[in-house]
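Take a moment with the sequence and the 3D view. Then read on, and keep both in sight.

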Amino acid sequence: MPHCPDCNSKRTVKNGHIHTGKQRYLCRNCGRQFVKNPTNKVIDTPTRELIDRLLLERIPMAGIARAVQVSEQWLQDYVNCKAAQTHRQVAVSPKKKGR
């Protein structure tokens, strides 16, 4: 059995499979779930810029995810992160009193 990446414990057990069929493991010490030899896909800067331009065109997120070949969950997390970074303050001016 592989060692836990967090606590380096050998007390790991098999814990099912992930959606791609890879074996998932569970650490009995800290409770972390992990896979051996994970494949993390890093989204590069030009792809992120393309996604930003496509979002401004009001294309559905499912279509953007298919075209750019990213997961819909990653895209939703990216959009949420972008929305949290934007400054949201509306300039409100008082109404003029009419006659």
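What follows is a walk through the strands, the cysteines, the helices and the largest pocket. One caution comes before that: this is a predicted model.

Start with the strands. Strand β1 covers residues 12-17, and strand β2 covers residues 23-27. The two run antiparallel, and four bridges join them. Look for the facing residues. H17 of β1 stands opposite Q23 in β2. T12 stands opposite C27 in β2. Between the strands lie five residues, and together β1 and β2 make a hairpin. Find G21 in that hairpin: its phi is positive, near 100°.

Now follow β2 onward. Its other partner here is strand β3, residues 33-35. Again the strands run antiparallel, this time with three bridges between β2 and β3. R24 has its bridge partner, V35, in β3. β2 and β3 also form a hairpin, with five residues between them. In this turn, G31 has a positive phi of about 85°. One general point helps when you look at strands. In a regular strand, side chains alternate between the two faces of the sheet.

Next, the cysteines. How many disulfides does the structure hold? The count is zero. C4 is in no disulfide, and the nearest cysteine sulfur, that of C30, is 3.6 Å away. A disulfide needs two cysteine sulfur atoms within 2.5 Å. C4 itself is buried, because its relative accessible area is 2%. Now return to C27, the residue opposite T12. Why is C27 not bonded to C7? The sulfur of C7 is the closest cysteine sulfur to that of C27, but it is 3.5 Å away, so the distance is too far for a bond. Is C27 buried or exposed? C27 counts as buried, because its relative accessibility is 1%.

Turn to the helices. Helix α2 spans residues 61-68. Its buried residues are G63, I64, A65 and V68. These buried residues pack against α1 (45-56) and α3. Think about spacing as you look. An α-helix has 3.6 residues a turn, so residues three or four places apart point the same way. After α2 comes Q69, which has a positive phi near 60°.

Helix α3 takes in residues 72-85, and L75 sits in it. L75 counts as buried, because its relative accessibility is 0%. What does L75 touch? Leaving out residues up to four places away in sequence, L75 touches I51, M61, I64, A65 and V70. Two of these names, I64 and A65, are among the buried residues of α2. I51 comes from further back along the chain: L75 and I51 are 24 residues apart in sequence. In space, their C-alpha atoms are 8.6 Å apart.

Finish with the largest pocket. Its volume is about 290 Å³. The pocket is lined by 13 residues. Which of them are closest to its centre? They are H19, T20, T39, N40 and K41. By class, the lining has six nonpolar, five polar and two charged residues.

Notes. Residues numbered from 1 in each chain as written. Predicted model: local features only at pLDDT ≥ 70, side-chain atom pairs only at ≥ 80, totals over all residues. Heavy atoms only, no water. 1 Å grid on protein atoms, 1.4 Å probe; cavity = no way out; pocket = protein on both sides within 12 Å on 5 of 7 lines; lining within 4 Å. Points joined across faces, edges and corners; volume = space filled by probe spheres on them. Nonpolar A, V, L, I, M, F, W, Y, C, P; charged D, E, K, R; others polar. Buried < 20%, exposed > 50% of the residue type's maximum accessible area, 1.4 Å probe, protein only. Contact = heavy atoms within 4.5 Å. Pairing = 2+ DSSP bridges.
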